[in-house]
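Reader: I'm new to reading protein models. Could you walk me through this one with a few questions and answers?

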Amino acid sequence: MGNQRRVITLDKIVDLKEVTKIYEGKVMHRAVNRLDFEAMEGEFVAVMGPSGSGKTTLLNLISTIDLPTYGRITINNIEPESLSQNDLALFRRRNLGFVFQDINLLQMLTVEENLVLPLTLDGVPLNEMEKRVAKVSQQLGLSDILDKRSDELSGGQAQRTAIGRALIHKPKIILADEPTGNLDSKSAKDVLELLSRINATERTTIIMVTHDPIAASYCDRVLFIKDGEFFNEIYKDERRQTFFQRILNVLSLLGGHHDLSSIRLP
Ligand code: ADP
Ligand code: MG
């Protein structure tokens, strides 16, 4: 891209060069097409685009769940494609945290047990586990509900627990696919403020797919894709309200969205 980088001093943590993902099937489908994308360390990026435009595929490529058909992906200076299956699993656990729209906590377990689960899988010592649980639950406002069973939680509490579980490893990057998609607007706001705070205090890079222009207005930058290709990209400005309005403008150019007129920034 021709524009001068404003963030020259920061490190590139995610780098996609001319990435194409083709799904082979009865019909071959090009879900992502010659896409260049980079994210800087500590950046909070939203990815928007109509349904079927390749947003989840893009996240799956960055998360190393899917490998590109063509092009090159570098995450935290490593090419996941060059790693063995074992190293890839380790790489994923050490570097990445995942948050999804469908919050898949283990219902039988308490909040605390869900939080520590990834650590027990990794053989982290008990006192270190306790320290991390204390920190994460304090950060996410979970301290009072640690003993609650997951099936007794509200949607917002469940998503905060899921974010806690993603954070407990201190990942460099959080990948979130519609994290507020199933939440009421109050819980959505809580989750977005939480992600912003984590991004600001821990400098965790966050890449978040969202349909919601309000959610996107919390980010530093919004990438718009269409038919698996780059469509546009905008950076935040001083006021969230103005940024929100600019996001709406691009969405209306992008199509595939309707009734934007009724959305107001609360
Ligand atoms: P989005 O998340 O933007 O809605 P996706 O990345 O899920 O879009 O999908 C992009 C396109 O790729 C869609 O047309 C979808 O049907 C197709 N697709 C996604 N995953 C697969 C798959 N595993 N096999 C075949 N086609 C797929
Ligand atoms: Mg999707």
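Reader: Which helices and strands each supply at least two residues of the lining of the largest pocket?

Author: Happy to start there, keeping in mind that this is a predicted model. The lining has 18 residues in total. Those that each supply at least two of them are α2 (85-95), β5 (96-100), α3 (111-121) and α5 (155-167).

Reader: And which element gives the most to that lining?

Author: Look at the residues nearest the pocket's centre: L96, F98, P118, R165 and H169. The element that gives the most to the lining, with five residues, is β5.

Reader: How many residues in the lining of the largest pocket are nonpolar, polar and charged?

Author: The space they surround comes to about 450 Å³. Sorted by class, the lining has four charged residues, three polar ones and 11 nonpolar ones.

Reader: Now the sheet with β1: in what order do its three strands stand?

Author: Good one to trace by eye! In general, strands of a sheet pair through backbone hydrogen bonds, either parallel or antiparallel. Here the pairing is antiparallel, and the sheet is open, with the order β2-β1-β4.

Reader: Why is one side of β2 and of β4 left without a neighbour in the sheet?

Author: Both strands, β2 (29-40) and β4 (70-75), have a single partner strand, so one side of each has no neighbour in the sheet. In other words, they stand at the edges.

Reader: Which residue of β4 stands opposite K17?

Author: Strand β1 covers residues 12-23, and its antiparallel pairing with β4 runs over five bridges. Opposite K17, in β4, stands R72.

Reader: At what angle does α1 run to β1?

Author: Helix α1 (residues 55-62) lies across β1, β2 and β4. Its angle to β1 is about 125 degrees.

Key: Residues numbered from 1 in each chain as written. Chains lettered and ligands numbered in written order. Predicted model: local features only at pLDDT ≥ 70, side-chain atom pairs only at ≥ 80, totals over all residues. Heavy atoms only, no water. Pairing = 2+ DSSP bridges. Helix = DSSP H or I, 4+ residues; strand = E, 2+ residues; numbered from the N terminus. Contact = heavy atoms within 4.5 Å. Axes fitted to C-alpha atoms, helices over the stretch in contact; angles between N-to-C directions. 1 Å grid on protein atoms, 1.4 Å probe; cavity = no way out; pocket = protein on both sides within 12 Å on 5 of 7 lines; lining within 4 Å. Points joined across faces, edges and corners; volume = space filled by probe spheres on them. Nonpolar A, V, L, I, M, F, W, Y, C, P; charged D, E, K, R; others polar.
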